[in-house]
Amino acid sequence: MKNINIAPFEVILVIVKKGKAEEAVEILTNNYANFSLITLAEGTTDQATAEFFGFGIQEREMVMGLIDPKESEKTLEILKDYFELDEPFNGLAITIPIKSATNIVVDMIKNKLKGEKNGEENREENGEK
Amino acid sequence: MEKKTEKKMEKNNFDFELIISIIGRGHADYIIDATREAGATGGTIIHGRGTVDKISDSSFMGISIQPEKDIVLTLVKSTLKKNVMKAISENLNLTGKEGHGITFSLPVTHAVGVRELKKDNFIKRQLKDD
């Protein structure tokens, strides 16, 4: 499958149940998505279904972080498995492309990408595949 | 790199869009109802504080009045985006002066946990090269 890299950086948004944001931050941190911000949020899923299960507006936490686009797919898979995001009312995770950003983390990602690019060039020069 | 990014983003071929609406505190329910009628499954509300309103500098009986805002995040399919944003826009006009706000959308490259597409557990879009 073709790798989708349309932007140099991506913002990753993870919305999970209240109290689980710290776990999401840990996963993000382990996957090169530092500088995570946690905010409180309210989930408003399908009201009829929610009332059937006995709850209306649910308390949520939203985690926002900056991530290398090459790592985003893998990270979303990990988040999906860990928080069981396939199931209803468990939350969701998305990535949004951004054109530019200023932060020390940005420099880290840039250096990482630059290092990978140089590595590929060196391998090509050495005749390695 | 930037030109390439701009060109690809201009295509606007994303599977999902994140609609962000910023409105006065307490009006989030109107947005949720409108987006639901237009086809969205739900939304997430976070709280914020505006800085544009003139009221931000005012105080009443020595108590400062803060222009509190609700921020509604709605993840929708790209095909629904226009209808949902139109519904939000119409709804904002209906709610009166206090309910005025802004709404905009951002492209989403990857998404997991979207209920409508449970069968496709991992939604990954592929850009079509010309």
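## Strands that meet across the chains

T44(A) stands opposite G43(B), a residue of β2(B), in what is a predicted model. The pairing here is antiparallel, with three bridges between strand β2 of chain A (residues 37–44) and strand β2 of chain B (residues 43–49).

Staying with chain B, β2(B) also runs antiparallel to strand β5 (residues 68–77), and six bridges join these two strands. If you would like a residue to look for, I45(B) stands opposite V72(B) in β5(B).

## The nonpolar core

Which residues have the most contacts inside the largest nonpolar core? They are V14(A), L92(A), A93(A), I94(A) and L75(B), in a core of 50 residues. Strand β1 of chain A (residues 9–17) gives this core its largest share, six residues.

L92(A) is a good place to zoom in. Setting aside neighbours within four places in sequence, L92(A) is in contact with I15(A) and L85(A) in chain A, and with L75(B), A111(B), V112(B), G113(B) and V114(B) in chain B.

## A loop residue with positive phi

Now take a look at E84(A), in the loop of chain A between α3 (69–83) and β4 (92–98). Its phi is near 50 degrees, a positive value in a residue that is not glycine. For context, most residues other than glycine have a negative phi.

Is E84(A) buried or exposed? E84(A) counts as exposed because it has 11 C-beta neighbours inside 10 Å, and the cut-off for exposed is 12 or fewer.

Key:
Residues numbered from 1 in each chain as written. Chains lettered and ligands numbered in written order. Predicted model: local features only at pLDDT ≥ 70, side-chain atom pairs only at ≥ 80, totals over all residues. Helix = DSSP H or I, 4+ residues; strand = E, 2+ residues; numbered from the N terminus. Buried ≥ 20, exposed ≤ 12 C-beta atoms within 10 Å, placed from the backbone. Core = buried A, V, L, I, M, F, W, Y, C linked by C-beta atoms within 7 Å. Contact = placed C-beta atoms within 7 Å. Pairing = 2+ DSSP bridges.
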